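User: I would like to go through the terms used for this model and see what backs each one. Please set each value against its cut-off.

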Amino acid sequence: MPQVRVSNIFLVGPMGAGKTTIGRQLAELLRWEFVDSDHEIEARTGANIPWIFDIEGETGFRQRETLVIEALTQRQHIVLATGGGAIMRAENRAALHARGTVIYLETPVERQLERTARDHNRPLLQTPDPRAKLTSLLAERDPLYREVAHHIMPTERSSARDVAFHILQVLGLR
Ligand SMILES: Nc1ncnc2c1ncn2[C@@H]1O[C@H](COP(=O)(O)OP(=O)(O)OP(=O)(O)O)[C@@H](O)[C@H]1O
Ligand SMILES: O=C(O)C1=C[C@@H](O)[C@@H](O)[C@H](O)C1
Ligand SMILES: [Mg+2]
């Protein structure tokens, strides 16, 4: 089968999977532009994510997210870190799958908890039991991450740097 040329890399996965961290490193290694859909939503709205959730609810945030995914996936040679819930809408999954190579950063709940413990910018984790929340989100979303992905990369036992190199290797980019 002829190798398909990779023109974009889209990272999907749960909170704390390392999408932002690994995405930045990939972009640097490839000399491509790095874009983070959460940051883009904040920049376009002029408000941070907790504020958007407070004022517009999760539904308002998801509408903004779909507009941003639709716009960003039309670019070329970008590494895009998506928000953890970006795969919830079928239209987002369709745009991601068709317009780039989608990598699922597969990460167990224990690692997600460790990696998100010090950060309060994730409204869905402002709950008395973040472990239970991450567990139920992953149960609901894991099938969708798998559905949209072209490749699945475990992040549990590797540093962000090693995951980035492994992705380049799998995609034949180094
Ligand atoms: N493979 C890894 N090993 C150890 N730590 C990691 C790894 N990947 C990311 N981290 C660390 O975990 C934290 C969360 O990572 P990051 O913000 O990149 O996750 P994310 O997937 O973008 O989350 P979100 O969906 O909430 O935006 C950061 O402090 C980062 O340095
Ligand atoms: O998992 C989620 O639904 C979210 C993840 C973050 O990246 C942000 O997009 C927001 O906090 C929602
Ligand atoms: Mg992120």
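Analyst: A residue is buried if 20 or more other C-beta atoms lie within 10 Å of its own, exposed if 12 or fewer, and partly exposed in between, with C-beta atoms placed from the backbone. Of the 174 residues of the protein, 37% count as buried. This is a predicted model: local features need pLDDT of at least 70, side-chain atom pairs count only at pLDDT 80 or more, and totals for chains, interfaces and linings use all residues. Residues are numbered from 1 along each chain as its sequence is written, while chains are lettered from A and ligands numbered from 1 in the order in which they are written.

User: What makes the protein as compact as a globular protein of that length?

Analyst: Start with the elements. The protein has seven helices and five strands. Helices (H or I, at least four residues) and strands (E, at least two) are DSSP runs, numbered from the N terminus. Their order from the N terminus is β-α-β-α-α-β-α-β-α-α-β-α. The radius of gyration is 15 Å, and the globule rule gives 16 Å for 174 residues; the two are close, so the protein is as compact as a globular protein of that length. The radius is taken over C-alpha atoms, and the rule is 2.2 Å times the number of residues to the power 0.38. Along its principal axes the C-alpha trace spans about 50 × 35 × 25 Å.

User: Why is Thr-21 called buried, and is Thr-20 buried or partly exposed?

Analyst: Thr-21 has 20 C-beta neighbours inside 10 Å, so it counts as buried. Thr-20 has 19 other C-beta atoms within 10 Å and is therefore partly exposed. Thr-20 is in helix α1 (residues 19-30), and Thr-21 lies in α1 too.

User: What does Thr-20 contact, leaving aside its neighbours within four places in sequence?

Analyst: Thr-20 contacts Asp-36 and Ala-81. Two residues are in contact if their C-beta atoms, placed from the backbone, lie within 7 Å. Across the protein, residues 24 or more positions apart account for 76% of the contacts with a separation of 6 or more.

User: Which residues surround ligand 1?

Analyst: There are 19 of them, and the closest are Gly-18, Lys-19, Thr-20, Thr-21 and Arg-115. Near means that the C-beta atom, placed from the backbone, lies within 6 Å of the molecule or strand. Helix α1 gives the largest share of this shell, three residues. By class the shell has five nonpolar, ten polar and four charged residues. Ala, Val, Leu, Ile, Met, Phe, Trp, Tyr, Cys and Pro count as nonpolar, Asp, Glu, Lys and Arg as charged, and the others, Gly among them, as polar.

User: Which residues surround ligand 2?

Analyst: They are Met-15, Asp-38, Ile-49, Gly-83, Gly-84, Gly-85, Arg-122, Pro-123 and Leu-124. This shell has four nonpolar, three polar and two charged residues.

User: Where does UniProt place the feature "binding site"?

Analyst: An unreviewed UniProt entry places it at Gly-16, Ala-17, Gly-18, Lys-19, Thr-20, Thr-21 and Arg-122. UniProt also lists Asp-38, Arg-62, Gly-84 and Arg-141 for "binding site", again in an unreviewed entry. UniProt positions are in the numbering used here, feature names are shortened, and annotations may be inferred rather than shown by experiment.

User: Why is Arg-62 called partly exposed, and why Arg-141?

Analyst: Arg-62 has 16 other C-beta atoms within 10 Å, so it is partly exposed. Arg-141 has 18 other C-beta atoms within 10 Å, so it is partly exposed. Arg-62 lies in helix α3 (residues 49-72); Arg-141 is in helix α6 (residues 130-148). Not counting residues up to four places away in sequence, Arg-62 touches Met-88 and Arg-89. With the equivalent exclusion, Arg-141 touches Pro-14 and Ile-87.

User: How do you know that β4 pairs with β1 and β5?

Analyst: Two strands pair if DSSP finds at least two bridges between them. Four bridges join β1 (residues 9-12) to β4, running parallel. Four bridges also join β4 to β5 (residues 151-154), again parallel. Phe-10 stands opposite Val-102 in β4, and Leu-105 has Met-153 in β5 as its bridge partner. Strand β4 (residues 101-106) is mostly covered, with five of its six residues buried.

User: Why is Arg-31 called exposed?

Analyst: Arg-31 has 7 other C-beta atoms within 10 Å, so it is exposed. Arg-31 is in the loop between α1 and β2 (33-36). Its phi is positive, near 60 degrees, and it is not a glycine. Most residues other than glycine have a negative phi.
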